[in-house]
Amino acid sequence: MDFKKKISELLKKELKLDLDYESLLEVPPNISLGNYAFPCFKLSKDLKKAPNQIANDLTKIKKPNWIKEIKSNGPYLNFYLNPEHYFKKILKAIEKQKDKFGSSNIGKNKTIVIDYSSPNIAKPFSIAHLRSTAIGNSLYKINSFLGYKVIGINYLGDWGLQFGKLIIAFKKWGDNNKLKENPIKYLYELYVKFHEQESEALENEARAWFCKLENGDKEALDIWKKFSTLSLKEFKKFYTLMDVKFDSFKGEAAYNKDLNKVIRMLKNKGITEMSEGALIVKLENIAPCLLKKKDEASLYATRDIAAAIDRKKQYNFTKALYVVDVRQSLHFQQFFSVLNKAGFEWSKDLEHVPFGLMRFKEGTMSTRKGKIIFLEDVINNAIASVSKIIKQKNPKLKNKEKVAQQVGIGAVFFWDLSHDRVKDLEFDWEKVLDFEGETGPYVQYTFARASSILRKAKKKVASNVDYSLFKQDKEIKLISMLDRFNEVIKDAAVQSKPSVLARFILELAQLFNEFYHICKCLGNDVEKEVSSARLLLVQTTAQVLKNGLNLLGISAPLEM
RNA sequence: GGGCCCGUAGCCCAGCCUGGAUAGGGCGACAGCCUUCUAAGCUGUAGGUCGAGGGUUCAAAUCCCUCCAGGCCCA
C-alpha cells in the first residue's frame, strides 16, 4: 500500500536523483528476497558505477523502524519490512473495513454507464451471451466498489427484421399457449421453423411485416408488443436467478422516434453525404459510417448514436462502456467518430470493451439451424451437477438447493471471467462443469473451508495478536498477497478486465490451501497465541476471498 | 485488397499495457497424503526453440520491424 511510497521517498532522499522511484520498485519473485526490490541498473549511467556496487552502497541507508532489513543481492536492493508493522497494518485494515476492504472513493461524483448483456428478444439467449453478461455485471460491481455511480443498461435488441420473420411465423404456425409457457424458447422454435421453410415468398412476407411494424401498423405492433413483454418477463426471471441487475432496459425500439431527428441533426452539421443512394459520414482512416441505406430501414449506427446522445443527456456520464463482442469493433469506432465529427466532445468518453467469441468444438453454433446451446441450460446443468456432488460429499448440508445454485452459477461465471476477455473462449461442457482446479467452486470451497475453521473456533477472533508469530513461509506469502488486493481491483477497473481479479483470488485461494495444509489453527497441539494469530489470518483471507468473489458477481456460501 | 485481434508444455490458460533475479498455474499422466480445522483439497515427478527471423537495450515472453499460421471485420 503506502509502503511503496515510503520506500520511494527514502530512496529519493538518499540518491537525490529525479526518478520515478515508485514505478521502479517491484515485488520480488520470491519472498526470501524481501517485500520490495529496487533494481539499480538504471542508476549506473548517472552514478558511473556498476549496478552491483550501487546496490551494495545503498544498503547503508538508515533504516526507519518499519523496515527490518535492507540487503543487496547482486544489482538488486531488497527491502524487508518489519513484520510487526507490515502484517499489523494489512490485517487490521481488512478487519476494520470488512466487506468494504478494497473499496475506494476515486470515482466519487463520477458516473459510468455500462451497456451489457443486451440480448436480442427474438433470438435465443445462448451461451454466447454469457460473456457480455458476466463481464458487464462484474465491471458494474468493480466500478461501484471504487465509488463510481454506475448505470447498468440492458440495450435490448427488440427491433429489426427478425420481428417480421417471427410475426409471419407466428401467424402461420403460432400457438398462444405455447408462447406463454416459454416465450423465449418458443419464439426461437418459430425462428428456426421459419428458416427451415425458407423461401423467397416467405422472406418477402417477413419484410412486408417488418415494414408494417415500422409504419406503426396496429396488428404488427400488438404482436411485437406481446413478444417483447413476454420475453422480457422471462429474461428478468433468468437475470434474477443469476443475480444480474440493470438500471435500465431501454432497448433499440425506444429510439425509433429519434432516428429522423438524429439524421436531420447530422445533416445540419454538414458532415453527411450521399453515396450510391445511401446516407453516409466519411471518416478518417476507417470505412465510412452508413446512416441510412437506400431502401431499408435505418441502420444500427444511427440508433446507437441516438442512444448515446440520450444517455449523455440523462446520466451525464464521465465514461460509457459498451461490453460487446469484438466483431463490432469497427461499428463502434465508426459511430464514436461520427459523434466526434458532429462536435460532441464527450464522444472521447465512449469506450468499446470488446471480448472474443465463444467457440465450439463441433463447428459453430448456428442460430438459424437450431444448433444452439442455451445459457439457461448450461446454468441448470451446472446446478444439477453441483447438487449431485453435494449429495455425495456433504449430504447433511442445509439449504442444499440454494448452495447448488450459488456454486453452479459460480462455476459458469468464473469459467468465463477467469479468461482474458480479448481472447476467444472455447465452450466445452467438460470444462464448464469442472469444479476442480482453477474454477469458481475451488475458490468458493476455499472460502467455505476457512469459514468452517472460524465456526469451529467458537469464539470471536482476537484482533490483537502477536504478529511476530507469523513465521511460516506460507503465512508471510499469504499476508503479502492480501496486501495486493487494492491494487488488483484498480487494475481490473482500469483495464476493464475482471479476469485480473479472478486470477488474483484464484492465486489467493491456492496460497490459502497450501497454508491450510501446513499450518494448523485449532486443536490442543497448537499454542494458544499461534492459534489466535492464525485465526486472524484465516478470517482476513476469507474476507478478501468473499469480497473478490462478490465483485465477480459470484456468491460465497459459508458451507458447501 | 484494407484493417483489427491472436500464437507460451500433450490440452486449456496466466504473465505482455508499465522490459529486470531460475517463464507460472490448471487439466491429463505417473508416485504419494484422509483416526486430527470440509480430499471440490495438498505434496512430488515428467513435460517449454515463449510461432520464426531480425532490431532496440546492460537486460526481451514482454517494446519495434518483417514473415508464417489462425480468427474476426470492412469493400
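In this predicted model, the side chains of Glu203 and Arg207 meet in a salt bridge, with 3.8 Å from N to O. Both residues sit in helix H10 (residues 200-214), four residues apart, which is about one turn of the helix. Their surroundings are worth a look too: Glu203 counts as buried because its relative accessibility is 15%, under the 20% limit, whereas Arg207, at 45%, counts as partly exposed. Here is a quick tour of the rest.

**Overall build**
- Chain A contains 22 helices and 12 strands.
- The C-alpha trace of chain A spans about 85 × 65 × 40 Å along its principal axes.
- Of the 560 residues in chain A, 52% are buried.
- Looking at contacts in chain A between residues at least 6 apart in sequence, you will find that 75% of them join residues at least 24 apart.
- About 27200 Å² of chain A is exposed, and carbon and sulfur atoms supply 48% of that area.

**Salt bridges**
- The count of salt bridges comes to 24.
- One of them pairs Asp115 with Arg311, whose closest N and O atoms are 3.0 Å apart. This pair links distant parts of the chain, with Asp115 in strand S4 (residues 111-115) and Arg311 in helix H13 (residues 300-315), 196 residues apart. Both Asp115 and Arg311 are buried.
- Another joins Asp349 to Lys348, with the closest N and O atoms 3.2 Å apart. Asp349 is buried, at a relative accessible area of 15%, but Lys348 is exposed, at 59%.
- Lys257, Asp258 and Lys261 are joined into one network by salt bridges that share partners.

**Charge and surface**
- Chain A carries 93 positive and 68 negative charges, and the mean positions of the two sets are 4 Å apart.
- A patch of negative charge on the surface brings together Glu84, Asp466, Glu527 and Glu529.
- Glu529, a member of that patch, is found in helix H22 (residues 528-551). Glu529 has a relative accessible area of 48%, so it is partly exposed and clears the cut-off of over 30% that patch residues need.

**A buried glutamine**
- Gln162 has its place in helix H7 (residues 161-173).
- With a relative accessible area of 8%, Gln162 is buried.
- Which residues does Gln162 touch, not counting those up to four places away in sequence? They are Asn120, Ala122, Gly157 and Tyr191.

How values were computed
Residues numbered from 1 in each chain as written. Chains lettered and ligands numbered in written order. Predicted model: local features only at pLDDT ≥ 70, side-chain atom pairs only at ≥ 80, totals over all residues. Heavy atoms only, no water. Patch = residues over 30% accessible without salt bridge, like charges linked within 9 Å, V, L, I, M, F, W, Y side chains within 5 Å. Areas by Shrake-Rupley, 256 points an atom, 1.4 Å probe, with all protein chains shown as cover. Salt bridge = Lys/Arg side-chain N within 4 Å of Asp/Glu carboxyl O. Lys, Arg positive; Asp, Glu negative; His and termini not counted. Charge placed at Lys NZ, Arg CZ, Asp CG, Glu CD. Helix = DSSP H or I, 4+ residues; strand = E, 2+ residues; numbered from the N terminus. Buried < 20%, exposed > 50% of the residue type's maximum accessible area, 1.4 Å probe, protein only. Contact = heavy atoms within 4.5 Å.
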